[in-house]
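Colleague: I would like a close look at one part of this model, set against the chain as a whole. Please take the overall make-up before the detail.

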Amino acid sequence: MTLTNQRQTLKTIAKRFARTRRIAHHDALDLIASKLKQPHWNALTTAWNKGWRPKPEAVEALASAEHGVASDVMAIPILGIGQGVKEHGHIDGHPYLLEIDFEVVMGEIGWWCILLEHAPSAKPTIEIYDQSKDNPILNPQFKAKALAICNEAVERLRGRIAADWPRRSTKPNADGQTQHPLSKDVASKWYCLHCDGAFTGSQMADNMWHCPKCSATPIDIFATPFWKQLNSTKRRSSTKER
Ligand SMILES: [Zn+2]
């Protein structure tokens, strides 16, 4: 999986960095980029599109460094998830590997891969590595069976994440308030730093604290839109200066 889908691996590592270090997702991406000797994530993406690839050893080192951090912090219940699960199986005689961690990744190396994040609003991404007609993922029945396995896996994953959250993170109280599973703030209205959207407590609970509009991760969701206050303070002071 790592070899066929290495950029996704980097994103997955970045997500874990973000959670385990409680840093913003974009900062985690930049951190990954810098460890791979790229100035930042955008530069890495540009280089990638031009054919640059990180050395497999460097990616391996990142993944194991991250596992070191993760095992230390796994004792902290707010982080939610333990070790990933790997399962081998067959559909119509074709082998597949299913990995459940922060998201579900399923595929057959060299042929196809399905990625499904755990936010209920997330849609599966299907990557096809071989366009020949022997590739089973091009068969609609096979694809439907594979997607059904992914959906079942992501349900398990959601259950496992929610099990470690405070009850108010998954179910609003009578006043519609919910509790952020990471910050532990309690509010009935929530704001996304990423897209500026505002949502109710139950919308956030239903989408497992990912932004219902832009799918930003829980670390971008806040009870107060503090960035708006910063902007208006800035505007006020610049008006005064004029
Ligand atoms: Zn958003």
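How many helices and strands does the protein chain have? After that, please describe the surroundings of Thr224.

Modeller: This is a predicted model. The protein chain has eight helices and 10 strands. Of its 242 residues, 41% are buried. The chain exposes about 12,800 Å², and carbon and sulfur atoms supply 53% of that area. Taking contacts between residues at least 6 apart in sequence, 49% join residues at least 24 apart.

Now to the part itself. Thr224 sits in the loop that runs between strand S10 (221–222) and helix H8 (226–241). With a relative accessibility of 44%, Thr224 counts as partly exposed, because that class lies between the 20% limit for buried and the 50% limit for exposed.

Strand S10, on one side of this loop, belongs to an open sheet of three strands in the order S9-S8-S10, with antiparallel pairing. S10 and strand S9 (198–200) stand at the edges and have a single partner strand each, so one side of each has no neighbour in the sheet. Strand S8 (residues 189–192) pairs with S9 in the antiparallel sense over three bridges, and Tyr191 stands opposite Ala198 in S9.

Tyr191 also leads back to the loop. Apart from neighbours within four places in sequence, Thr224 is in contact with Tyr191 and Gln229. Lys189 is 35 residues from Thr224 along the chain, and the C-alpha atoms of the two are separated by 8.4 Å.

Technical notes
Residues numbered from 1 in each chain as written. Predicted model: local features only at pLDDT ≥ 70, side-chain atom pairs only at ≥ 80, totals over all residues. Heavy atoms only, no water. Helix = DSSP H or I, 4+ residues; strand = E, 2+ residues; numbered from the N terminus. Buried < 20%, exposed > 50% of the residue type's maximum accessible area, 1.4 Å probe, protein only. Contact = heavy atoms within 4.5 Å. Areas by Shrake-Rupley, 256 points an atom, 1.4 Å probe, with all protein chains shown as cover. Pairing = 2+ DSSP bridges.
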